[in-house]
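Reader: Could you take me on a close look at the place where the ligand sits? I'd love one connected account, starting from the chain as a whole and ending at the ligand itself.

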Amino acid sequence: MAPDIVCIVRFIKNQTVQIDMSALRLSSPHYRRIAESLRHTLASGALRPGDRMISARRLADREQVSLPTALEALRCLEADGLIVARPRSGYFVCQRDISQEMLPVRALSGPVPVTLAAVARSLFSSAETRLIPLGAALPDPHWLPTDTLQRALQSASRRLDAHGQSYSLPPGRADLRNKIAARAAQWGACFGADDLVITAGATQALRLALRAVCQPGDAVAIEQPAYFGTLLLLEDLGLKALQIPTDLKEGLLLAPLADAIKQHRPAAVLASPTVQNPLGASMSVARKQELVALLEQAGIPLIEDDVYGDLAGEGQRPPACKAFDQSGNVIYCSSLSKTLAPGWRIGWIAAGRYHTQVLQARMAGDWAGAPLLEAATSDVLASGDYDRHLRRLKVRVADGVRAVIAQVEASFPKGTRVTAPEAGFLLWVELPPAVDALEVHRRALALGIGVSPGPLFSPAAELENFLRLNCANEPTTQLLNAVDQIGTICHELTTSSRPAGFEIIDGSEC
Ligand SMILES: Cc1ncc(COP(=O)(O)O)c(C=O)c1O
């Protein structure tokens, strides 16, 4: 084939495809032909990352087509992640060399105390302020099925009458536990309604699990990086963190975990094998089985945090580790906070052989739940509305992730690396070493933008040049502009040196 009729194009995941340009010329609509020609130009290296693309108007003039046709061609390239729109500035070439690379997996070290509470307190002091929401790991409230939730509340309120305002005593309403167990059975979970305790979100479930299997001073093996809520729980309970190297695609690495078990004998392993926060990594089914077997053999309980599990998979979600638990060694914790209604605080725990301890601790601790919210949640799960909502949510989340990745590629300094998670809505961004994420956070906050700095995800506030970005928002001009502004801050900080030492940001400044 003659070289001038073959165009080699690199798409977002580095696949290479060959396109026969002569065939396209004959059969494609104008916009596709123009898009291919632009791709050809990009592939040739004639334009560099960060360069401005030809404007839609000039493109229309040059190609003798209408403005909408030229715009459509540019949008094709945007959809492929080759260019990105910047508000009021036009399209720019993405920095393809900064993205989609593997972030380094860190080495194993021993158990360490967690000293994160003061940092977290100062960072969360801005939580009441309305920020552009790239920080907290929450779906856009407008993406939640508010009408469905309100209808379910009204119907539950009528049904429960005055009892709606009473206590829901542990283990929680049977109708809700039945629905949760039935849904979990679809991915192979081996627990029934009687094995479940309803909790105030996954956070309470995790606390109950840790209380059931650990004593103060014990080490708990966790992923590195780890969700800061887990770290704060460890700190609060006087537990040490044993950080296990975690791969951004494969999740928790089993060989280092086996070594850590031999060397340090943790009291428990607490992990999110499906859509880990902040990496977005999911373990394969085979590796989940291996993990369950490893811990069963070692006699160490696995506390499985599955709050993002429903966001995984195209149709049916993949099984959680709990599906492979024959002996009750896996303590399964989850909630609807990431998919349905964070503020309703509906979570649950299937604690296996620790069920009685957990139930007792739930009674002694928080005593009771809210019957109205439990009954309404049960209705939503029963109606099929939750599944319909999940399907829509996953599509929106994927669009949000793609748009933010493209904007990071266009706006962040060279040397930045960003994950490309298969599921979930979080991006983990490694900034050039000189960039201090806490300073990025402080400057972004001053602009009304929320981000989660890397130090939140390690026991002693390390990971200074990492950021976590929440992408579960409509990729509006305002949102992408905010990503662009964070990029500008990072550019500024690459040229100035990192401040000496760690400084806690004073909430009042924010
Ligand atoms: C991994 C992980 N586990 C647990 C939680 C807390 O969930 P809940 O709001 O249900 O307590 C979060 C919230 O961000 C999370 O990311």
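Author: Happily! In this predicted model, buried residues account for 55% of the 510 residues in the protein chain. The chain has 16 helices and 19 strands. Of its contacts with a separation of 6 or more, 75% are between residues 24 or more positions apart. On the outside, the protein chain exposes about 21,700 Å², with 52% of that area supplied by carbon and sulfur atoms.

Now to the ligand. Its surroundings are made up of G201, A202, T203, Y227, N277, D305, V307, Y308, S335, S337, K338 and R345. Sorted by class, this shell holds 4 nonpolar, 5 polar and 3 charged residues. The element that gives the most to the shell is helix α8, which spans residues 201–213 and contributes 3 residues.

Let's go through some polar contacts one by one. At A202, a polar backbone atom is 2.8 Å from an oxygen atom of the ligand. Y308 also faces a ligand oxygen atom, but here a polar side-chain atom takes part, again at 2.8 Å. With D305, the ligand's partner atom is a nitrogen, and a polar side-chain atom of D305 lies 2.5 Å from that nitrogen. As for how much of the ligand is hidden, on its own it has 390 Å² of accessible area, and the protein covers 93% of that.

So if you have the structure open, you could begin with helix α8 and its 3 shell residues, then turn to the side chains of D305 and Y308 to see where they meet the ligand.

Terms used
Residues are numbered from 1 along each chain as its sequence is written. This is a predicted model: local features need pLDDT of at least 70, side-chain atom pairs count only at pLDDT 80 or more; totals for chains, interfaces and linings use all residues. Side-chain values use heavy atoms; hydrogens and water are left out. Helices (H or I, at least four residues) and strands (E, at least two) are DSSP runs, numbered from the N terminus. Buried means under 20% relative accessible area, exposed over 50%, partly exposed in between (1.4 Å probe, protein chains only). Contact means heavy atoms within 4.5 Å. Accessible areas come from the Shrake-Rupley method with a 1.4 Å probe; for residues, only the protein chains shown count as cover. A residue is near a molecule or strand if one of its heavy atoms lies within 4 Å of it. A polar contact is a pair of N or O atoms within 3.5 Å; within protein, one must be able to donate a hydrogen and the other to accept it, and residues adjacent in sequence count only if both atoms are side-chain atoms. Ala, Val, Leu, Ile, Met, Phe, Trp, Tyr, Cys and Pro count as nonpolar, Asp, Glu, Lys and Arg as charged, and the others, Gly among them, as polar.
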